[in-house]
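Ready for some practice reading a protein model? Take a look below, then work through the exercises one at a time.

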Amino acid sequence: MASGESQWITGAAARADVQRLRARSSAVVSGADTVLLDNARLTVRADQLDLPEPQQQLALQQQAMRVVVDGRLRVPFDCAFYNEPNGWLASYSTPALVPDTVGVLELPERQGQVDLAALLDCLARQHEVNEVLVEAGPRLAGAFLQAGLLDELVIYMAPKLLGSDARPLLDLPLLRMAEAVDLQIRDIRAVGNDWRITCRV
C-alpha cells in the first residue's frame with residue numbers, strides 16, 4: 001500500500017514458490033526500502049519451502065548470498081537482515097565500522113545510485129554468481145528494468161484489488177504507449193489461489 005504495508009498479498013503456496021526461487025538462486029538482491037519496511041531477512045525458510053526433507057536440508061545448507069543495495073547506508077547493521085549469515089552490503093559509501101559477519105561490495109555511483117551493472121559484474125566475477133533473484137520494491141525493480149538488466153520477470157497476481165493509491169509493481173515513468181516495455185509470456189500457472197506469470201523481457 002502507499003503506507004508501505006504489504007503483508008500478506010499472496011497466499012502460502014505463492015510464498016512457498018518464492019522460497020524455492022530463493023533456494024535455486026546464487027544471490028538474492030533487494031533494496032534498503034524493502035529491508036527496512038518489511039524487516040526482511042531474505043533467507044530460505046524451511047517451514048515455507050514445501051519440499052521433501054532431503055531437499056529442504058540441501059536448500060538450507062546452501063543459502064544464497066543476500067545483498068542489500070544501500071548507497072546511503074540507511075539499513076542499520078543490527079537489523080534482522082544482517083543478523084543472518086551471508087548478508088552483504090552493496091554501496092558506493094564506505095561505512096565506518098562493519099561487523100565481521102557482514103560482507104561489503106564497494107561499487108561505483110551512477111547518477112546518485114549504486115551502479116547496478118557494476119553490482120552484477122562484481123557478483124559474477126568475484127563471487128561466481130550465475131543466477132540473481134531481484135526480490136525488491138518498485139524503485140529497485142524499476143531501476144534494474146530500465147537499465148536493461150532483467151532477463152525474466154516472475155509476477156505473482158493475487159485475487160485482490162488494492163486500490164488506486166497502492167504502490168506500483170515497478171517505478172517505470174512512461175508517458176507514451178510507444179515507450180511501453182514489451183514482454184513475452186512464457187508461462188502462466190495457478191499457485192494456490194494466486195497466479196504466477198513468467199515473462200521474458
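**Exercise 1. Is Asn39 buried, partly exposed or exposed, and what is its relative accessible area?**

Solution. Keep in mind that you're working with a predicted model.

- Step 1: find the residue. Asn39 sits in the loop that runs between H2 and helix H3 (46–49).
- Step 2: check the area. Asn39 has a relative accessible area of 44%. The partly exposed class lies between under 20% (buried) and over 50% (exposed), so Asn39 is partly exposed.
- Step 3: look at the backbone. The phi of Asn39 is near 50°, a positive value in a residue other than glycine. Most residues other than glycine have a negative phi.

**Exercise 2. Find where Glu128 lies, and work out its phi and exposure class.**

Solution.

- Step 1: Glu128 belongs to the loop between H5 and strand S7 (132–134).
- Step 2: its phi is positive, about 55°, although Glu128 is not a glycine.
- Step 3: the relative accessibility of Glu128 is 70%. The cut-off for exposed is over 50%, so Glu128 counts as exposed.

For a glycine with a positive phi, go to Gly148: just after H6, this residue takes a phi of about 70°.

**Exercise 3. Describe the salt bridge between Arg20 and Asp17, and place the two residues in their helix.**

Solution.

- Step 1: start with the idea. Side chains of opposite charge can pair when their charged atoms come close.
- Step 2: get the distance. In the salt bridge of Arg20 with Asp17, the closest N and O atoms are 3.3 Å apart.
- Step 3: place the pair. Both residues are in helix H1 (residues 12–24), and because they are three residues apart there, about one helical turn separates them.
- Step 4: recall the geometry. An α-helix has 3.6 residues a turn, so residues three or four places apart point the same way.
- Step 5: check the surroundings. Asp17 is buried, at 10% relative accessible area, while Arg20 is partly exposed, at 27%.
- Step 6: widen the view. Asp17 and Arg20 are linked with Arg196 in a network of salt bridges.

**Exercise 4. Which parts of the chain does the salt bridge between Arg139 and Asp33 link?**

Solution.

- Step 1: Arg139 forms a salt bridge with Asp33, and their closest N and O atoms are 3.4 Å apart.
- Step 2: this pair links distant parts of the chain, with Arg139 in helix H6 (residues 138–146), Asp33 in helix H2 (residues 32–38), and their positions 106 residues apart.
- Step 3: Arg139 is partly exposed, with a relative accessible area of 47%.

Now try another pair. Asp187 forms a salt bridge with Arg189, with the closest N and O atoms 2.7 Å apart. Asp187 is partly exposed at 22% relative accessible area, and Arg189 is partly exposed too, at 41%. A search of the whole structure turns up nine salt bridges.

**Exercise 5. Which residues of H6 are buried, and what covers them?**

Solution.

- Step 1: list the buried residues of H6. They are Pro138, Leu140, Ala141, Gly142, Phe144 and Leu145.
- Step 2: look at the cover. It includes strand S1 (27–31), strand S2 (65–69), H5 and S7.
- Step 3: add a neighbour from a loop. Asp171, in the loop between strand S8 (152–157) and S9, touches Pro138, Arg139, Gly142 and Gln146, not counting residues up to four places away in sequence.
- Step 4: compare sequence with space. Asp171 and Ala143 are 28 residues apart in sequence, and their C-alpha atoms are 7.5 Å apart.
- Step 5: Asp171 itself is partly exposed, at 34% relative accessible area.

**Exercise 6. Asp115 is buried yet has no salt bridge; which side chain of opposite charge is nearest?**

Solution.

- Step 1: locate Asp115 in the loop between strand S6 (113–114) and helix H5 (116–127).
- Step 2: the nearest side chain of opposite charge is Arg110, 4.5 Å away. A salt bridge needs the N and O atoms within 4 Å.
- Step 3: see what the side chain of Asp115 does reach: the backbone nitrogen of Ala118, at 3.0 Å.
- Step 4: leaving aside neighbours within four places in sequence, Asp115 is in contact with Pro108 and Arg110.

Conventions
Residues are numbered from 1 along each chain as its sequence is written. This is a predicted model: local features need pLDDT of at least 70, side-chain atom pairs count only at pLDDT 80 or more; totals for chains, interfaces and linings use all residues. Side-chain values use heavy atoms; hydrogens and water are left out. Helices (H or I, at least four residues) and strands (E, at least two) are DSSP runs, numbered from the N terminus. Buried means under 20% relative accessible area, exposed over 50%, partly exposed in between (1.4 Å probe, protein chains only). Lys and Arg count as positive and Asp and Glu as negative; His and the chain ends are not counted. A polar contact is a pair of N or O atoms within 3.5 Å; within protein, one must be able to donate a hydrogen and the other to accept it, and residues adjacent in sequence count only if both atoms are side-chain atoms. Contact means heavy atoms within 4.5 Å.
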